[in-house]
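This report describes selected features of one protein chain, from its surface to its cores and loops. The sequence and the model are shown first.

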Amino acid sequence: MSDDLQTLDWAKGDGLLPAIVQDAGNLRVLMLGYMNAEALAATQSSGHVTFYSRSKQRLWKKGETSGHVLELVSLQADCDNDTLLVLARPQGPTCHLQRDSCFPEAPSSFLADLDALVAQRGRDRPAGSYTTALFEEGVRRIAQKVGEEGVETALAAVAQDDAALLGESADLVFHLLVLLRARGLSLQDVSALLRDRHKA
């Protein structure tokens, strides 16, 4: 348990702390729940986010009925040690209305969502999908497409208007996501490397 979790201010909320749950993949806020010390311990030991239900007056593992559990990635407390931020990987819709988030307009990273969709297409290979066709052609062909789109993006930058540059840039980014996934890598891996370089 990290130091900030060992100094949580349980007294302020009569033994309960609000817990904000965020999707670890695209950073969308998924829901707000409450944890007591027992729920926090159950979350850490099981790896599945568990709350204290104020209406049921008992521990409640998210997804215990639907199967749409929240797999724990990390936990941290805020600066006052009276609120938790939970990063999790949702296994299905989080909201009881079958929405990804309990906040219908909660923002997220579209690139992260697109990267996840590319990964799914790589696994499922649905017929008729352009992404499936790319994966079927293999890394060399995908790499060739990235090269072609890179050249077209550079040419658009010096010889065409902004709309053309944006269009070519979108094509380049999409094909790069497919190439990364074809090599077993992801957008998150690139982000992590950029973050490490920024810290250096």
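## A partly exposed residue in strand 1

In this predicted model, Ile 20 has a relative accessible area of 32% and is therefore partly exposed. Ile 20 belongs to strand 1, which covers residues 17-23. Together with Leu 32 and Phe 103, Ile 20 makes a nonpolar surface patch of about 250 Å². Residues qualify for such a patch when their relative accessible area is over 30% and they have no salt bridge.

## The annotated span

UniProt lists residues 31-103 under "domain: Phosphoribosyl-AMP cyclohydrolase", in an unreviewed entry. In the model, the C-alpha atoms at the two ends of residues 31-103 are 7 Å apart. Helix accounts for 14% of this span and strand for 38%.

## Nonpolar cores

In soluble globular proteins, nonpolar side chains tend to be buried together. The largest nonpolar core here consists of 18 residues, and Val 21, Met 35 and Leu 84 have the most contacts inside it. Two or more residues of this core come from each of strand 1, strand 2 (29-35), helix 2 (37-46), strand 5 (70-77) and strand 6 (84-90).

A second core is separate and has ten residues. Val 118, Leu 134, Phe 135 and Ile 142 are among them.

## Asp 23 in strand 1

Strand 1 also holds Asp 23. With a relative accessible area of 12%, Asp 23 is under the 20% limit, so Asp 23 counts as buried. Apart from neighbours within four places in sequence, the contacts of Asp 23 are Arg 28, Leu 30, Ala 88 and Pro 90.

Asp 23 and Asp 80 are 57 residues apart along the chain, and their C-alpha atoms are separated by 23 Å.

## Two positive phi angles

Most residues other than glycine have a negative phi. Asn 81 is not a glycine, yet has a positive phi of about 60 degrees. Asn 81 is placed in the loop between strand 5 and strand 6. Is Asn 81 buried or exposed? Its relative accessibility is 18%, so Asn 81 counts as buried.

Arg 125, also not a glycine, has a positive phi of about 50 degrees. The loop that holds Arg 125 runs between helix 3 (110-124) and helix 4 (130-137). Arg 125 has a relative accessible area of 34% and is therefore partly exposed.

## Thr 132 in helix 4

Helix 4 contains Thr 132. At a relative accessibility of 8%, Thr 132 counts as buried. Which residues does Thr 132 touch, not counting residues up to four places away in sequence? They are Arg 121, Arg 125 and Pro 126. Of these, Arg 125 is the loop residue with the positive phi of about 50 degrees.

## Leu 187 in helix 7

Leu 187 lies in helix 7, which covers residues 187-199. Leaving aside neighbours within four places in sequence, Leu 187 is in contact with Leu 111, Ala 112, Asp 115, Leu 177 and Leu 180. Helix 3 spans residues 110-124, and Leu 111, Ala 112 and Asp 115 fall within that range.

Between Leu 187 and Leu 176, which are eleven residues apart in sequence, the C-alpha to C-alpha distance is 9.2 Å.

Technical notes:
Residues numbered from 1 in each chain as written. Predicted model: local features only at pLDDT ≥ 70, side-chain atom pairs only at ≥ 80, totals over all residues. Heavy atoms only, no water. Patch = residues over 30% accessible without salt bridge, like charges linked within 9 Å, V, L, I, M, F, W, Y side chains within 5 Å. Areas by Shrake-Rupley, 256 points an atom, 1.4 Å probe, with all protein chains shown as cover. Salt bridge = Lys/Arg side-chain N within 4 Å of Asp/Glu carboxyl O. Helix = DSSP H or I, 4+ residues; strand = E, 2+ residues; numbered from the N terminus. Buried < 20%, exposed > 50% of the residue type's maximum accessible area, 1.4 Å probe, protein only. UniProt positions renumbered as here; feature names shortened; annotations may be inferred. Core = buried A, V, L, I, M, F, W, Y, C linked by side-chain atoms within 4.5 Å. Contact = heavy atoms within 4.5 Å.
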